[in-house]
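Q: I should like to learn how to read the features of a protein model. Where does one begin?

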Amino acid sequence: MQWSRISERVRPPEAGTPEANVQRPGTSEEYTGISNLEAMASAVNYQRFLTGLLTLAAGRPGAGRAIADFGAGTGPLARAARSLGWQVTCVELDPALRARLRDDRFDAVASLDDISPGSLDFLYSYNVLEHIEDDADVVSGFHRVLKPGAPLLLYVPAFPLLYSSMDRLIGHVRRYRKRGLADLVESAGFTVETCHYADSIGFAAALAYRVIGDDSGKLDGRAVRLYDRFVFPASRRLDYFAKRFFGKNLVLIAHRSGG
């Protein structure tokens, strides 16, 4: 199994959504999403929130605990996990990004097949599953490489209603519904502990973008930083009340079942 089976054409999640050609990542020059990865890496509050999810899902890091970052990209979360004390393997399809990760002293591999079955204490993946045509196959791969009882953390875009030109241009196959994501993970042999929405104000922002957004597929770095500084903290406070009902993203924490 490869790191992902990314579709050559994005299938729209709703009737009436036009299709668009999507580049299969091969080098960073081909991967049009790299500038967006770098823009999001500059969002301090957002990155702090994502880092906090790691310890929420897996508890306090222990010496020698082996974990994997599936779809590590430029490595901001892998660096955060390493700084907490975990031994991180980065799974990254793009060879140029994989080389950057190795330059940063990570063990970086191209596929889950490069990880021994039942060897990981924790696996997380942020904003990757939505790019993958056969997401069920990949989630089954997560089950294969995790130890029995080990936690899985997924963070994905939510609500097909929010699917926009940005989603098409950066290669999203879908956005997820809460029940659908939980069913996907449970069918692979996991027990879901929690599945809830996040970034409730972001839901409204993403809906507005669907109506008035441009077709560049690129995030405005300044707008990202302003949202992160002034809006995201308020959104996190609102999430306390809204996370059962709506949000721009979904957070799922599960544990591998069986022996």
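**Reading the fold**

A: One may begin with the contacts along the chain: in this protein, residues 24 or more positions apart account for 76% of the contacts with a separation of 6 or more. The model is a predicted one.

Q: What are the secondary-structure elements of the protein, and how many helices and strands are there?

A: The protein has 9 helices and 7 strands. As for burial, buried residues make up 51% of its 259 residues.

Q: How does one read the sheet, and in what order do its strands lie?

A: One follows the pairing from strand to strand. Here the 7 strands form an open sheet with mixed pairing, in the order β3-β2-β1-β4-β5-β7-β6. The edges are β3 (107–109) and β6 (190–198), each of which pairs on one side only. On average, neighbouring strands of this sheet are turned by 20 degrees against each other, direction ignored.

Q: How is the pairing of β7 to be read, and how many bridges join β5 to β7?

A: One looks at the bridges and at the direction in which the strands run. Strand β5 (residues 151–157) and strand β7 (residues 249–256) run antiparallel and are joined by 7 bridges. Within this pair, L154 has L252 of β7 as its bridge partner, and L152 stands opposite A254 in β7. Strands β6 and β7 also run antiparallel, with 8 bridges between them; there, V192 has A254 of β7 as its bridge partner.

Q: Is β7 mostly covered or mostly open?

A: Strand β7 is mostly covered, as 7 of its 8 residues are buried.

Q: How should a single residue such as H196 be read; is H196 buried or exposed?

A: One takes its element, its accessibility and its contacts together. H196 lies in strand β6. The relative accessible area of H196 is 17%, and the residue is therefore buried, the cut-off being under 20%. Leaving aside neighbours within four places in sequence, H196 is in contact with K178, K243, N249, L250 and V251.

Q: How does R210 count in terms of accessibility?

A: R210 is found in helix α8 (residues 200–212). With a relative accessibility of 36%, R210 counts as partly exposed. Its C-alpha atom is separated by 9.1 Å from that of L161, a residue 49 places away along the chain.

Q: How does one read the buried side of a helix, and which residues of α5 are buried?

A: The general idea concerns periodicity: an α-helix has 3.6 residues a turn, so residues three or four places apart point the same way. In helix α5 (residues 135–145), the buried residues are D135, V138, V139, G141, F142, H143 and V145. The buried residues of α5 pack against β1 (66–70), β4 (122–126), β5, α7 (178–187), β6 and β7.

Q: How does one read a helix crossing, and at what angle do the axes of α2 and α3 cross?

A: One considers the approach of the axes, the angle and the handedness, and then the residues in contact. The axes of helix α2 (residues 44–58) and helix α3 (residues 76–84) come within 10 Å, crossing at roughly 50 degrees. The two helices are therefore oblique to each other, and their crossing is right-handed. On the α2 side the contact is made by Q47, L50, T51, L54 and T55, and on the α3 side by P76, L77, A80, A81 and L84. These residues divide into 7 nonpolar, 3 polar and no charged.

Q: Which residues make the contact of α2 with α9, and how do they divide by character?

A: The axes of α2 and helix α9 (residues 221–242) come within 8 Å and cross at roughly 35 degrees. Helix α2 contributes V44, N45, Y46 and F49 to the contact, and α9 contributes D228, R229, F232, P233 and R236. The division is 5 nonpolar, 1 polar and 3 charged.

Q: Where do α8 and α9 meet?

A: The residues S200, I201, G202 and A205 in α8 meet Y227, V231, A234, S235, L238, D239 and A242 in α9. The residues of this contact divide into 7 nonpolar, 3 polar and 1 charged. As for geometry, the axes of α8 and α9 come within 6 Å and cross at roughly 120 degrees.

Terms used: Residues are numbered from 1 along each chain as its sequence is written. This is a predicted model: local features need pLDDT of at least 70, side-chain atom pairs count only at pLDDT 80 or more; totals for chains, interfaces and linings use all residues. Side-chain values use heavy atoms; hydrogens and water are left out. Two strands pair if DSSP finds at least two bridges between them. Helices (H or I, at least four residues) and strands (E, at least two) are DSSP runs, numbered from the N terminus. Axes are lines fitted to C-alpha atoms, for helices over the stretch in contact, and angles run from 0 to 180 degrees between N-to-C directions. Angles under 35 degrees count as roughly parallel, over 145 as roughly antiparallel, 65 to 115 as roughly perpendicular and the rest as oblique. A crossing is left-handed if the near helix is turned anticlockwise from the far one by less than a right angle, and right-handed if clockwise. Contact means heavy atoms within 4.5 Å. Ala, Val, Leu, Ile, Met, Phe, Trp, Tyr, Cys and Pro count as nonpolar, Asp, Glu, Lys and Arg as charged, and the others, Gly among them, as polar. Buried means under 20% relative accessible area, exposed over 50%, partly exposed in between (1.4 Å probe, protein chains only).
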